[in-house]
Amino acid sequence: MLVAADSLQGIGLLHGLREADLEALAKRCSWRRYQAHEQIIHFHDETRDVYFVVEGEVRAITYSLEGKEVTFRDIPAGDVFGEYAAIDGEPRCATIEALVPSYVAAMPASCFWEVLEKHPSANAIMLKQLTRQVRALSERVFEFSTLAVKNRIHAELLRLAHDHMVDDVTAVIVPSPTHADIASRISTHREAVTRELTELSRQGLVERRHGSLVVRDVPRLERMVREVLGD
């Protein structure tokens with residue numbers, strides 16, 4: 001029997017579907033809880049399921065031959081992952097790992113395609129999400145190719161700040177990202193992040209407070225990033 005927790009109502013891709021449709025789709029999914037740091041799918045897996053994050057948050061990462069971690073993106077509750085392999089039939093392009101205890105629904109690729117074919121709203125949302133991801137990756141490639149390490153740190157900090165605004169000026173990033181996390185996002189080492197965040201703290205731009213990272217002047221940080229990008 002389907003329990004109340006096994007609901008797809010909070011999934012953005014499926015917004016607009018009728019409750020009866022969501023219930024029918026939920027019954028075709030497999031449901032599982034993952035502990036923090038537990039891997040959900042592995043790089044180069046041949047599986048094709050599409051996953052919905054019902055509770056928690058997961059991260060898309062890969063590792064170099066030397067074991068260096070590279071972070072692509074964090075995927076919060078309500079979002080989807082694994083759609084690339086379902087769409088093109090190729091192996092997984094990243095490892096997905098739970099950041100915190102998470103509850104995930106896995107939908108067969110055939111069912112996912114049915115959703116896209118039968119529900120134009122889901123198809124449109126999927127296209128927009130894929131386009132946003134391409135734009136974000138293009139932005140990062142440009143930054144890797146043109147910006148110094150400290151400027152890449154500023155750009156990444158600005159992205160995080162935009163997701164955690166508390167007013168027009170201030171962002172409170174909770175939980176505070178570790179220096180290693182930031183380094184893995186921008187292809188540098190932890191020590192470089194530590195040095196630059198220390199300098200930004202000295203300037204009064206950032207502050208660590210009770211497990212959070214406070215960006216005290218987001219418009220100022222935006223100006224710093226625009227200046228080096230030539231905007």
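Select Met107 to begin: leaving out residues up to four places away in sequence, Met107 touches Leu25, Cys29, Asp49, Val50, Phe52, Phe112 and Val115, where contact means heavy atoms within 4.5 Å. The model is a predicted one, in which local features need pLDDT of at least 70 and side-chain atom pairs count only at pLDDT 80 or more, while totals for chains, interfaces and linings use all residues. Residues are numbered from 1 along each chain as its sequence is written, and side-chain values use heavy atoms, with hydrogens and water left out.

Next, widen the selection from Met107 to the largest nonpolar core, which has 25 residues, those with the most contacts inside it being Leu8, Leu13, Leu14, Trp31, Phe52, Met107 and Phe112. A nonpolar core is here a set of buried Ala, Val, Leu, Ile, Met, Phe, Trp, Tyr and Cys residues joined through side-chain atoms within 4.5 Å; buried means under 20% relative accessible area, exposed over 50%, and partly exposed in between (1.4 Å probe, protein chains only). The elements that give two or more residues to this core are α1 (19-27), β3 (50-55), β8 (102-107), α3 (109-118) and α4 (120-146), helices (H or I, at least four residues) and strands (E, at least two) being DSSP runs numbered from the N terminus. The largest share of this core, 5 residues, comes from α3. A second, separate core of 22 residues includes Leu157, Ile173, Ile186 and Val206.

Now display the open sheet of 4 strands, whose order is β1-β8-β3-β6 with antiparallel pairing; two strands pair if DSSP finds at least two bridges between them. Its edge strands are β1 and β6 (80-81), each of which pairs on one side only. Between β1 and β8, which run antiparallel, there are 5 bridges, and Arg32 has Val104 in β8 as its bridge partner.

From β1, step to Gln35, which lies in the loop between β1 (30-34) and β2 (39-41). Is Gln35 buried or exposed? Gln35 is exposed, with a relative accessible area of 51%. Apart from its neighbours within four places in sequence, Gln35 is in contact with Ala98, Val100 and Pro101. A distance drawn between the C-alpha atoms of Gln35 and Tyr103, which are 68 residues apart along the chain, comes to 9.0 Å.

Move on to β4 (residues 57-63) and β5, which run antiparallel and are joined by 7 bridges, with Arg73 in β5 as the bridge partner of Ala60. The two strands form a hairpin with 5 residues between them, and Gly67 in the turn has a positive phi of about 90°. Within β5 (residues 69-76), select Phe72, which counts as partly exposed at 33% relative accessibility.

Finish at β11 (residues 212-215), where Ser212 and Val214 point one way, Leu213 and Val215 point the other way, and all are buried. In a regular strand the side chains alternate between the two faces of the sheet. Two antiparallel partners can be picked out: β9 (residues 171-173) is joined to β11 by 3 bridges, with Leu213 as the bridge partner of Ile173, and β10 (residues 206-209) is joined to β11 by 4 bridges, with Val215 as the bridge partner of Val206. As a last selection, take His210, which has a positive phi of about 50° in the turn of the hairpin formed by β10 and β11, with 2 residues between these strands.
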